[in-house]
Amino acid sequence: MSAVLAILSGACLLLGSFLLLTGALGFLRFADFYARLHACGVTETLATALIILGLMLLSDSYLPPFKLLLILLFVLFSSPTASHALAKAAWNAGVRPRDNQGKRDLPLPAGER
Amino acid sequence: MDVLSYFNYWVVVVLMMLGFFIVIARANLVKKLIGLNIFQTSVFILYISTGKVAGGAAPILTEGVTLYSNPLPHVLILTAIVVGIATTSVGLALVIRIHAAYGSVNQNDILQQDQQC
Amino acid sequence: MELLVNSVLLMLLVATAGALVVVRGLLASTMLTSVYGLLSASFFVTMDAVDVAFTEAAVGAGVSPLLLLLTVAAIGRGEPRAAGALPILAIVLVTITGALLIIGTLDMPPFGSADAPAHTHVAPRYLQLSGEEIGIPNVVTSVLASYRAFDTLGEVLVIFTAGVAVLLILATPGQRGSARPRYTPGSHSEPHTILQVVSKILIPFILLFALYVQFHGEYGPGGGFQAGVIFASGIILYGLLYGLPTVCRVVRPAVVETLAAVGVLLYGTTGLLAMLDGRPFLDYSVFAANPVLGQHIGILLVELGVGITVASVITVIYYAFANQFEMAEG
Amino acid sequence: MLALTVITLLLVMAVALVRAFAGPNVFDRVMAANLFGTKTVLLIAAISYLYGSPEFLDIALVYALINYISVIGVLRVTELRNEQRGTKEGA
Amino acid sequence: MLSQLALLPVLLPLIGAPACAVLRRPTAAWAFASTVAVLAFVAAAALLQATARQGVIHYAFGGWAAPWGIEYRIDLLNAFVLLLVSGIAAVVLVASRASVWHDIAENRRTLFYVACLLCLAGWLGIAATGDAFNLFVFLEISSLATYALVACGRDRQALVAAFNYLVMGTIGATFILIGIGFIYMLTGTLNMADLAQRLPGLGESRTVFAAYAFIVVGVCLKLALFPLHLWLPGAYTQAPAIVTAYVAATATKVALYVLIRFSFSVFHLESSRLALSLEAVFISLGVVAVFAGSLVAVFASNLKRALAWSSIAQIGYMAVGVGIGTVAGVQASLIHLFNHALMKGALFLALAAIAMRVGGNELQALRGIGRRMPLTSAAIVVAGISLIGVPGTAGFISKWYLVTAALAREQWLLALLIVAGSLLTAVYIWRFVETAWLDQNPAQPATPPQEAPPLLLAGTLLLALANIYFGLDTRLPVGTAAGAAAGLLGDSAAGLLGHPPAPLPGAGAP
């Protein structure tokens with residue numbers, strides 16, 4: 001049983017770490033703000049959930065997984081909200097999506113402005 | 001080995017000096033306070049580093065654990081952190097008033113304005 | 001592994017501090033300060049200083065960047081200036097001080113050695129006897145609230161002084177009492193519905209968590225100070241989203257200012273009770289015949305005093321700063 | 001595996017630091033700080049298991065909380081400033 | 001009750017400050033703060049008596065024994081500083097009402113008095129404590145309150161002065177924190193008595209040297225010893241008149257106490273190899289401070305600024321006393337600490353009264369002030385001649401002991417320089433006398449006398465007369481300082497038995 005749990009947890013951690021790395025890569029390399037936000041925001045939620053799940057599988061008493069669950073819940077609430085707020089604030093401040101080279105602003109869709 | 005055991009302290013010294021440098025070299029008053037903040041935080045790191053005992057556990061008494069890190073520096077630094085935030089908040093309040101009175105938070109501008117009077 | 005985590009964190013700290021030297025914009029500096037706070041807090045965790053990490057996270061990464069932000073908002077971002085002449089005097093001073101510090105470290109006991117004087121003289125008693133004398137597992141709380149309780153009273157007084165000083169400095173002339181937000185309707189163009197809804201769900205849990213930290217401080221990391229900061233941050237979160245006038249209607253400034261003094265007085269009175277009984281100040285054995293129970297009650301009261309004062313003072317400081325910000329806005 | 005996770009987290013933190021330093025605009029820095037914060041939460045949680053000290057988890061919870069509040073704080077403040085600038089320019 | 005006496009002077013303002021904050025009416029706050037300060041003074045006087053009678057008094061907080069808990073260990077020196085600080089604070093606070101009502105906006109007055117009490121609690125806490133870290137905490141309480149008080153000044157320059165004071169003060173405090181950290185690492189203790197026992201065992205450790213250096217630099221920043229004095233002139237000149245009187249007469253004195261305490265009772269400077277080089281440092285910096293401070297004071301056009309620079313000069317004298325490093329030298333330093341507090345208290349209170357009536361302290365505006373405010377001006381003159389060191393005043397006593405101490409070490413040049421410094425003091429005091437009486441303001445015909453408000457005048461006169469009284473009856477400062485200095489420099493038996501003071505200069509009539 002414990003061996004199964006260990007393997008499961010290892011898999012979760014590994015996958016989570018991998019997702020984190022991809023997110024970080026995107027965060028570092030993508031050309032414009034919204035793409036970077038996308039890279040972080042999307043990977044972050046899943047990666048966090050996976051890593052915390054992996055950690056929960058490792059524990060042998062009640063309290064730590066409970067606290068981890070609280071952390072997870074909190075992150076699940078706050079992280080998307082923060083991303084949303086960031087995007088909205090950036091948009092309101094006049095930051096616009098750019099083309100793939102990050103050189104100029106993309107034209108806005110017809111409905112906007 | 002000898003060098004390794006002091007490596008921690010030396011890095012902390014570098015941190016302190018970076019903070020100290022910001023305090024005395026930057027003319028922007030907010031930046032000075034940030035430097036002060038860094039300087040103090042680095043001193044905290046020095047204290048906490050000295051409290052660490054290799055292989056020790058956090059000083060919360062637990063069954064079966066015999067070696068703990070030293071709790072006294074922790075207590076001192078808890079107090080010092082409070083002192084730090086208190087100083088920062090008073091300094092920032094002063095900065096706000098200075099900005100209202102001078103229209104600038106740059107030391108050189110302020111000096112200039114005072115000399116003109 | 002510990003060594004690796006340790007060294008990487010230190011290097012990240014150096015990188016952040018270096019970036020702070022170079023970066024000129026105030027908002028960027030504020031963000032970096034926040035990162036510095038988080039990093040140093042993580043470093044404290046690896047050094048087993050859980051209570052300190054707790055506090056540094058709440059203060060270094062939370063409160064002080066927030067105050068910096070409010071200041072930057074009130075004074076404007078400060079256009080980055082071209083670098084002036086190389087500050088030679090500063091470099092010389094820093095080099096001398098740094099050299100002196102390095103000299104100072106040379107005769108220090110090596111990092112982590114268990115037989116350093118600091119670990120063999122006074123501290124062992126706390127670790128060995130606090131279990132019997134105080135009866136609570138968290139040794140840091142024992143030392144903080146009992147062995148060195150007078151220092152902690154000083155600490156509460158420091159934070160109280162900060163509150164008094166900020167009010168004294170930022171008091172607007174002509175207003176009755178100290179700095180009070182003016183009840184003008186904010187000009188928030190569009191409400192943040194999502195943020196408001198999510199935060200409204202979270203705030204009760206934040207306050208609940210603050211209470212947990214307050215009363216769990218004897219058993220785990222936490223205590224009055226940390227709880228106070230968390231409680232205040234719940235109030236601040238509300239203020240950020242609903243505007244200063246709204247939060248002032250919910251949590252009245254006059255009440256908070258009084259509470260700040262009440263917390264210190266609670267702490268002081270706890271000590272005075274022992275004096276009235278002819279014992280030394282802050283001797284908790286006055287509360288119960290059983291010394292361990294007396295310590296329990298004493299620590300509980302004292303920590304409560306700390307929590308009340310810290311939460312109120314931080315709220316007061318936030319009000320005073322946010323008030324300036326709204327004045328700058330208006 | 002735990003060690004690997006810790007190393008990855010440290011690496012991601014370094015990346016976030018680079019962004020916080022390089023910008024280019026405020027929101028990138030805010031995002032970097034936010035990312036840094038959430039990664040610190042995970043780091044503390046992972047270290048808690050690595051070192052076998054469950055009491056670290058409380059700290060991770062506080063980090064998550066503070067992180068959220070400071071992001072909101074930054075955004076509100078920058079936003080209000082922009083509004084302010086807008087009204088001034090409009091007037 | 002006697003067993004609690006050691007704590008009372010600190011505890012009264014400490015609990016009084018938050019209690020004062022609850023009061024709503026400024027008048028009530030003033031009355032309350034004054035009462036607290038007076039009570040603290042009474043307690044300190046009783047404490048000094050008790051220490052003189054029964055020697056060192058120990059007080060263990062929370063009932064925890066010394067190196068584990070925090071301890072007050074009140075000897076003659078502690079009690080002496082406690083008495084001085086609480087006494088000056090009591091006089092200034094009682095006298096403060098009119099001036100504060102004149103300078104401070106109505107909605108700030110209550111908080112102003114709360115800050116005053118916090119300041120007092122901080123200073124007394126520093127002076128009483130026997131724990132190095134506790135000292136740091138109380139240092140910060142007093143400093144934070146002082147920054148806010150200085151910032152209450154009327155001009156916007158006060159804000160800048162307060163900010164500079166804050167930055168330098170915090171650097172100083174952080175240096176002290178580094179120093180304390182170093183010695184903690186080496187000894188494992190924070191209790192000063194315990195430190196004093198364990199430090200000599202370490203021999204010539206570089207860490208001890210660095211620790212001492214950091215503590216000294218930090219304390220000297222707070223003390224405003226010459227090259228580290230940059231915050232002082234601005235802060236003293238720009239602060240509200242009462243705050244200058246309150247702070248100038250006390251804050252630097254407490255810092256000097258810390259310097260002496262760390263140098264002689266914790267680090268045993270006198271028996272360490274460092275002594276020689278540090279002696280040179282303190283004496284030369286002190287002498288430079290005397291001349292630089294006095295010279296700037298001579299040319300200052302604002303009397304308050306002149307006296308602020310004069311404070312830097314007087315701190316120089318005290319540093320010289322510390323540098324001489326003998327019992328006589330430290331004794332002289334302590335006597336001057338006492339007398340200088342009386343002089344500057346009187347002078348700055350008088351300036352507060354003048355600022356109320358004239359609107360400022362520019363020398364130009366003071367023409368003919370001798371006729372308009374005869375008693376206040378007389379007080380300035382009395383305190384001024386005491387500052388010069390004319391026989392028959394307190395200032396003479398301190399200079400006498402300083403010169404004697406220098407001569408005992410056969411430092412003739414130093415003695416000569418000390419006397420020469422006094423002549424410079426005479427110049428700027430004379431400038432005031434000239435403007436006040438001899439220089440008629442042609443545009444303004446003789447105005448009727450308009451004295452300071454009664455309480456303020458009473459406080460000023462009290463301190464001015466104290467300068468004469470302690471110039472004639474020197475038992476209190478000289479005797480106590482002798483005992484304290486002897487107690488510091490290892491001759492503890494003499495301290496306990498009330499060591500007979502060094503030969504008085506002709507028993508008061510030289």
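**Exercise 1. Pairs of chains**

Which chains have the most contacts among the seven pairs of chains that touch? Find the pair, then describe the side of chain B that touches chain C.

*Solution.* Before we start, a word on the model: it is predicted, local features need pLDDT of at least 70, side-chain atom pairs count only at pLDDT 80 or more, and totals for chains, interfaces and linings use all residues. Residues are numbered from 1 along each chain as its sequence is written, while chains are lettered from A and ligands numbered from 1 in the order in which they are written.

Step 1. Take two residues to be in contact if their C-beta atoms, placed from the backbone, lie within 7 Å. Among the seven touching pairs, chains B and C have the most contacts.

Step 2. This contact takes 65 residues from chain B and 77 residues from chain C. On the side of chain B, the elements giving two or more residues are helix H1 (2-25), helix H2 (29-51) and helix H3 (71-102). Helices (H or I, at least four residues) and strands (E, at least two) are DSSP runs, numbered from the N terminus. H3(B) gives the largest share of that side, 22 residues.

Step 3. Sort that side of chain B by class: 45 nonpolar, 17 polar and three charged residues. Here Ala, Val, Leu, Ile, Met, Phe, Trp, Tyr, Cys and Pro count as nonpolar, Asp, Glu, Lys and Arg as charged, and the others, Gly among them, as polar.

Step 4. Now look at pairs without contact. Chains A and B are not joined by any contact, and their closest C-alpha atoms lie 15 Å apart. Chains A and E do not touch either, with nearest C-alpha atoms 34 Å apart.

**Exercise 2. Where chain E meets chain C**

Work out which element gives the largest share of the side of chain E that touches chain C.

*Solution.* Step 1. Count the residues: 54 of chain E are in contact with 52 of chain C.

Step 2. List the elements of chain E that give two or more residues: helix H1 (8-22), strand E1 (57-60), helix H5 (109-128), helix H6 (132-151), helix H7 (157-187) and helix H9 (206-223). The largest share, 11 residues, comes from H6(E).

Step 3. By class, this side of chain E divides into 39 nonpolar, 12 polar and three charged residues.

**Exercise 3. The shapes of chains B and E**

Set the radius of gyration of chain B beside that of a compact globule, then do the exercise for chain E.

*Solution.* Step 1. Chain B has four helices and zero strands, in the pattern α-α-α-α along the sequence.

Step 2. The radius of gyration is taken over C-alpha atoms, and the globule rule is 2.2 Å times the number of residues to the power 0.38. A compact globule of 117 residues would come out near 13 Å, but chain B has 20 Å. The C-alpha trace of chain B spans about 70 × 30 × 10 Å along its principal axes.

Step 3. Chain E has 22 helices and two strands. Its radius of gyration is 22 Å, close to the 24 Å that the rule gives for 510 residues, so chain E is as compact as a globular protein of that length. Its C-alpha trace spans about 70 × 55 × 40 Å along the principal axes.

Step 4. Among contacts between residues at least 6 apart in sequence, 44% in chain B join residues at least 24 apart. For chain E, that share is 78%.

**Exercise 4. Positive phi in chain C**

Is Asp48(C) buried or exposed? Locate Asp48(C), then treat Leu282(C) in the same way.

*Solution.* Step 1. Most residues other than glycine have a negative phi. Asp48(C) has a positive phi near 70 degrees and sits in the loop between helix H2 (26-46) and helix H3 (50-75) of chain C.

Step 2. A residue is buried if 20 or more other C-beta atoms lie within 10 Å of its own, exposed if 12 or fewer, and partly exposed in between, with C-beta atoms placed from the backbone. Asp48(C) has 25 such atoms, so Asp48(C) is buried.

Step 3. Leu282(C), in the loop between helix H12 (253-276) and helix H13 (291-329) of chain C, also has a positive phi, about 70 degrees. With 31 other C-beta atoms within 10 Å, Leu282(C) is buried.
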